[in-house]
Amino acid sequence: MKLYMGFDDTDVAGAKIGTGRLVRMFERKLPEGARLWGALRHQLLIDPRIPFTSHNSPACAVVEIEDAALIPALTARAIAHIAELASEGSDPGLCVARDSDDLSEVIEFGLSCTHEIETQDHAREVAARAGVELLGLGGTNDGIIGALAAVGLSAYGWSGRFLEYGGLRRLPDPISVAALAEAGIEAVAIDKKAQALDPRALIHTGGWLSPRLWGGRAVAPIEEKDGRLIALGKRPRDAEVAD
Amino acid sequence: MRILIGIDDTDGAGWAASTARLAREFGDTLDGEARFIGSVGHMLFSGIAATTNNKASCLVVETERTDALDALFQLAAAYVEAHAAPSSAPGVVVAGEEAERLIDFGLEASRREIRGDEIEPALIGLRATGLRARRGLVGAAAAVGLTARGWSGRWLEFGGLRRFERAVQARELRAQGMFLVSLETDAEAPAPEDWVDTHGWLRPQLVAGRAVLPLRRIGEGMWATASVETAKKFR
């Protein structure tokens, strides 16, 4: 089964380890029987009334486990990971949910957080009704809002982008469509023809491959520029800030 | 049960109705037979002679009728025979779950010309028919395979695409079952009240088996569909 582990508000301005990087680093803490399927960055509403460090972007570790008995150990390790690496003065939150839970209301909450101001009280109510774990781990505990939203948006499956996915950062550039598929990443042409790409075609990533979560899958949107197939990536500022 | 109906090579030089239009109009006749979900246009290998471009269509329908495959096959074959251009060489392929068997064939037809001797083996055990030179069987089978795969092509009909105004709110598109995805670095979800400029050409992509609109942000609360320069190549 898949386990969604949402993290938010683990850093402060100027912190060396942002929430995205903290979540990627969590892979090393996974016990035997657990495997990181992917780490996702999600974008929530940017509004002056919402206190956030830089971009109001929580992250979610999606972990595959063989045995539900691992969940308490994973949760304990996530709490310890946050305690070890979260910035002094941050307001961390953690959410843990199984993909088999009824997450429909959590998904609605996540989508709401992308364009509305949400509250801790509402987050706790939604989490309680869905039966998912939602933990405030310091400061104002405001991180529970983004942590729950990150789980909801990951379960929704149609927004956010991958910070990590099956050795993403070690893939060559350029890389063939077939090799991307072997890595679990579907290359999708987004030009007018929307034609199936030749498995032998080479995709140029510029070293910034950052698949999107579309249909619950890792998808690389592909454009043709100057006769070359280019994967939509990320801008350098995200490497500095969110990762 | 979901049923796919591939149709290709029904038009000819000077013939008013393209295959895409014929497929769409056939879908509209299916009331009572099956629910017409939409039709998907697939671009195939461009290096072979085609009327305008090598594009095949696939209708997606749903039904609970146990005899639907045979009934729809007969209806589709009769409709194509009655409405295809006299100079055309149409093909019709109808498949339920067995459509998966045509995925590799569809991918091959996207990247190279299919030899004549490759067609019949691919169609063994499937409901397929062709008229005259039967060239359209390749495209019809490929369209079924690619639609079953679910990761390429554009919806030419899906919940009344043509009735939308050029500027439409995200919530209206979602209500029709479309998924809106941002191509921006933040990959954010467009808000329900955000506006989408479709450039007057609303043709979602087939992605993960769904109707998906990749969008670029053009302003606060405003988006535009991506990769659309001018309308009207897909009819």
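Modeller: A residue is called buried if 20 or more other C-beta atoms lie within 10 Å of its own. Please keep in mind throughout that the model in front of us is predicted.

Colleague: With that cut-off in hand, which residues of helix 3 of chain B are buried, and what covers them?

Modeller: Helix 3 of chain B runs over residues 103–111, and its buried residues are Phe105(B), Gly106(B), Leu107(B), Ala109(B) and Ser110(B). The cover over these buried residues includes helix 4 and helix 5 of chain B.

Colleague: How should I read the packing of helix 4 of chain B with helix 5 of chain B, and at what angle do they pack?

Modeller: In general, a pair of packed helices is described by the angle between the axes together with the distance between those axes. Here helix 4 of chain B, residues 116–123, packs with helix 5 of chain B, residues 136–149, at an angle of about 45 degrees, and their axes are 10 Å apart. Because of that angle, the two helices of chain B, helix 4 and helix 5, are oblique to each other, and their crossing is left-handed. On the side of helix 4 of chain B the contact is made by Ile119(B), Ala122(B) and Leu123(B), while helix 5 of chain B brings Leu137(B), Val138(B) and Ala141(B). By class, the residues of this contact are 6 nonpolar, with no polar and no charged ones.

Colleague: Turning to a single residue in the other chain, is Tyr156(A) buried or exposed, and which residues does Tyr156(A) touch?

Modeller: Tyr156(A) belongs to helix 5 of chain A, residues 143–156, and it counts as buried because it has 21 C-beta neighbours inside 10 Å. Leaving aside residues up to four places away in sequence, Tyr156(A) touches Ile107(A), Gly110(A) and Leu111(A). Ser104(A) gives another view of how the chain returns to this place, since 52 residues along the chain separate Ser104(A) from Tyr156(A), and yet their C-alpha atoms are separated by 8.4 Å.

Colleague: How do I judge each chain as a whole, and what radius of gyration does chain A have?

Modeller: Chain A contains 7 helices and 12 strands. Its radius of gyration is 18 Å, close to the 18 Å that the globule rule gives for 243 residues, so chain A is as compact as a globular protein of that length. The C-alpha trace of chain A spans about 50 × 40 × 30 Å along its principal axes, and buried residues make up 51% of the 243 residues. Of the contacts in chain A with a separation of 6 or more, 75% are between residues 24 or more positions apart.

Colleague: And what are the corresponding values for chain B, beginning with how many helices and strands there are?

Modeller: Chain B has 6 helices and 12 strands. A compact globule of 235 residues would have a radius of gyration near 18 Å, and the 18 Å of chain B agrees with this. Its C-alpha trace spans about 55 × 40 × 30 Å along the principal axes, and 47% of its 235 residues are buried. Among contacts in chain B between residues at least 6 apart in sequence, 74% join residues at least 24 apart.

Colleague: Finally, how many residues does each chain give to the contact between chain A and chain B?

Modeller: Chain A gives 27 residues and chain B gives 28 residues. On the side of chain A, at least two residues each come from strand 8 (185–189), strand 10 (212–214) and strand 11 (217–225). That side of chain A divides by class into 9 nonpolar, 7 polar and 11 charged residues.

Key: Residues numbered from 1 in each chain as written. Chains lettered and ligands numbered in written order. Predicted model: local features only at pLDDT ≥ 70, side-chain atom pairs only at ≥ 80, totals over all residues. Helix = DSSP H or I, 4+ residues; strand = E, 2+ residues; numbered from the N terminus. Rg over C-alpha atoms; globule rule 2.2 N^0.38 Å. Buried ≥ 20, exposed ≤ 12 C-beta atoms within 10 Å, placed from the backbone. Contact = placed C-beta atoms within 7 Å. Axes fitted to C-alpha atoms, helices over the stretch in contact; angles between N-to-C directions. Parallel < 35°, antiparallel > 145°, perpendicular 65-115°, else oblique. Left-handed = near helix turned anticlockwise from the far one by under 90°. Nonpolar A, V, L, I, M, F, W, Y, C, P; charged D, E, K, R; others polar.
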